[in-house]
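This report goes through the strands at the start of the chain, then the ligand surroundings, then a few single residues. Please keep the structure open while reading.

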Amino acid sequence: RTAILWLRRDLRVGDHPALVAAAEDGAVLPLFVRDPRLARAGEARSARLEASLAAWDAASDGALVVRAGDPVAVVAQVAAEVGAGSVHVSREFTPHASSRDNRVARSLDQYGVSLVAGGTPYAVAPGTVLTGGGTSYRVFTPFARAWREQLIEPPFARPASLRWRRTVDSDGLDAGLVERGRSFGPVGEEAALEQWHRFLDEGLHDYADHRDRPDLDGTSRLSIHLKHGEIHPRTLLADLRRGRRGQTEGARRFIDEIAWREFYADVLWHRPDSAWGDLRGELATMRYDGGRSTEELVDAWREGRTGFPLVDAGMRQLLETGWMHNRVRMVTASFLVKDLHVWWPVGARHFLDHLADGDLASNNHGWQWVAGTGTDASPYFRVFNPVSQGKRFDPDGDYVRRWVPELRHLPGSAVHEPWRHDEGYAHDYPKPIVDHDEERREALDRYQQARGTS
Ligand code: FAD
């Protein structure tokens with residue numbers, strides 16, 4: 001008997017309930033379907049996914065089968081080719097994935113093949129953390145409290161006996177994309193576990209103090225691995241529960257961040273419309289700018305030429321590495337929404353196009369948090385000042401100097417204010433494209449108007 005394991009973003013062998021279930025059903029045929037509807041996933045993410053698939057292929061002794069087309073047709077076709085009795089998946093929760101999986105299940109059903117969902121990319125499945133009244137949570141803190149109480153599932157052991165089935169044609173992987181994907185850092189399950197263990201040994205202790213500092217290597221850098229399912233949050237949480245590590249302030253903060261990831265997935269599950277529209281209606285009449293002159297400003301933002309050093313450093317880090325530090329994601333997002341007065345989906349799209357960890361739920365709700373339209377949003381009137389944020393969180397200027405070569409000649413925190421130094425513009429760094437204080441006032445005026453009319 002053959003069981004298909006239809007891989008989407010769950011590219012590991014350990015702690016993988018769908019793989020365990022497939023292995024119990026027969027020889028496992030790992031299948032990836034190149035869905036043309038997802039072609040717009042963003043170059044960084046697509047390339048990183050390809051590299052992750054290559055790592056999976058190596059780990060499964062070359063068993064991976066890749067086919068292009070609509071999964072509704074392709075999965076049923078491969079199932080028929082190999083006479084599979086079941087197709088196993090880790091359940092997905094974005095609006096597109098949920099409706100796709102329903103259609104695939106119906107099409108398989110016609111052939112008497114079942115689509116079996118085993119596990120999810122989350123420690124607790126979205127949609128299952130509910131209030132006493134059976135409704136979803138709209139605010140993070142009570143969600144996180146209830147979520148923690150449900151964290152009881154231990155990691156899944158690797159299948160006791162695992163046989164790969166490899167007798168069907170595969171379109172193969174794109175070697176160029178794989179290589180590009182590898183440029184975003186180490187790839188695959190082994191690399192993810194190594195990164196995690198290094199963070200446990202070297203980073204967790206100071207995580208609470210260092211996580212806001214883009215100049216330090218103070219965070220886990222697991223987001224890209226988590227995005228592609230190379231490591232599961234259940235594994236992380238179980239490791240933290242062992243011994244006394246989990247009681248430290250660093251561990252508590254880290255678990256909170258994992259909870260944010262789970263919260264946003266839960267919000268998206270309950271409110272699929274929040275993927276690309278304001279979650280809360282209060283700012284429905286907010287005036288945003290568009291048009292040609294704004295387009296030029298937005299281009300400067302996209303390319304890291306705003307003249308605000310921390311913003312430019314972040315935007316360049318994104319373009320060059322497919323990742324940006326969380327604090328800088330907040331500052332750059334705030335700059336687009338509140339200094340340039342641009343509606344958040346424009347920025348969310350750009351991030352998804354370039355982040356190797358780009359995730360619809362975390363990204364778009366992160367944007368809504370900054371824009372003041374999301375769940376427990378930072379209030380709209382809290383406008384990040386890109387200069388003081390730089391001086392506070394990159395106190396010696398190392399982060400800016402790393403990403404903005406035109407400012408490398410300025411020492412220490414001088415990089416955050418080139419306008420104060422005679423030599424500040426000696427290497428063609430651009431002048432600020434807007435006056436922050438003026439745009440802050442403008443943002444607050446627009447906010448008052450929107451509040452007044454909603
Ligand atoms: P760590 O600090 O080590 O955190 C550990 C893990 O917790 C992360 O890997 C991530 O899975 C989760 N996490 C941490 N912070 C958050 C958060 N604020 N929201 C949700 N999950 C979090 N994260 C993504 O994974 N994909 C995105 O597309 C994404 N877009 C964002 C856009 C904006 C505007 C903002 C403000 C945040 C965004 N985040 C996103 C959240 C956060 O910035 C990244 O998860 C984090 O920077 C990844 O680095 P790390 O793995 O070293 O994080």
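The UniProt record, an unreviewed entry, places the feature "domain: Photolyase/cryptochrome alpha/beta" at residues 1-123. In this predicted model, that span is 43% helix and 21% strand. The C-alpha atoms at the two ends of residues 1-123 are 31 Å apart.

**Strands and crossovers**

Strand 1 covers residues 2-7, and 6 of its 6 residues are buried. In a regular strand the side chains alternate between the two faces of the sheet. On one side of strand 1 are Thr2, Ile4 and Trp6, and on the other are Ala3, Leu5 and Leu7. Both of these faces are covered, and each of the six named residues is buried.

Strand 1 has pairings with two strands. With strand 2, residues 27-34, strand 1 pairs in the parallel sense over 6 bridges. With strand 4, residues 86-89, the pairing is again parallel, over 3 bridges. Individual bridge partners help to place these strands. Thr2 has Ala27 of strand 2 as its bridge partner. Leu5 has Pro30 as its partner in strand 2 and His88 as its partner in strand 4.

Strand 2 is also mostly covered, with 6 of its 8 residues buried. Strand 2 pairs in the parallel sense with strand 3 over 4 bridges. At one position in this pairing, Val33 stands opposite Arg67 of strand 3. The chain passes from strand 2 through helix 2 to strand 3, and this β-α-β crossover is right-handed. The unit made of strand 1, helix 1 (residues 17-25) and strand 2 is right-handed as well.

Strand 4 and strand 5 run parallel and are joined by 4 bridges. Val89 stands opposite Ala117 of strand 5. Between strand 4 and strand 5 the chain goes through helix 4 (residues 95-109), in a right-handed β-α-β crossover.

The parallel pairings described above are listed here.

| Strands | Sense | Bridges |
|---|---|---|
| Strand 1 and strand 2 | parallel | 6 bridges |
| Strand 1 and strand 4 | parallel | 3 bridges |
| Strand 2 and strand 3 | parallel | 4 bridges |
| Strand 4 and strand 5 | parallel | 4 bridges |

**The surroundings of the ligand**

The shell around the ligand holds 27 residues, of which Thr219, Ser220, Ser223, Asn363 and Gly366 come nearest. Four helices give two or more residues each to this shell: helix 9 (223-227), helix 11 (249-270), helix 14 (326-339) and helix 16 (360-371). By residue class, the shell divides into 11 nonpolar, 8 polar and 8 charged residues.

Domain 2 is made of two stretches, 122-155 and 188-270, and domain 3 spans 281-453. Both domains give residues to the shell, and therefore the ligand lies between them.

**Two residues with positive phi**

Most residues other than glycine have a negative phi. Asp15 has a positive value, near 45 degrees. Asp15 is in the loop between strand 1 and helix 1. This residue counts as buried because it has 23 C-beta neighbours inside 10 Å, where the cut-off for buried is 20 or more.

Asp61 also has a positive phi, about 55 degrees, and is not a glycine. Asp61 belongs to the loop between helix 2 (43-59) and strand 3 (65-68). Asp61 counts as exposed because it has 9 C-beta neighbours inside 10 Å, and the cut-off for exposed is 12 or fewer.

**Contacts between residues distant in sequence**

Tyr137 lies in the loop between strand 5 (114-117) and helix 5 (140-149). With 21 C-beta neighbours inside 10 Å, Tyr137 counts as buried. Its C-alpha atom is separated by 9.5 Å from that of His270, although Tyr137 and His270 are 133 residues apart along the chain.

Asp398 is in helix 18, residues 398-403. With 15 other C-beta atoms within 10 Å, Asp398 is partly exposed. Between Asp398 and Asp215 the C-alpha to C-alpha distance is 5.7 Å, while their separation in sequence is 183 residues.

Key:
Residues numbered from 1 in each chain as written. Predicted model: local features only at pLDDT ≥ 70, side-chain atom pairs only at ≥ 80, totals over all residues. Pairing = 2+ DSSP bridges. Right-handed = clockwise from strand over helix to strand, strands pointing away. Near = placed C-beta within 6 Å. Nonpolar A, V, L, I, M, F, W, Y, C, P; charged D, E, K, R; others polar. Domains from an automatic or database assignment. UniProt positions renumbered as here; feature names shortened; annotations may be inferred.
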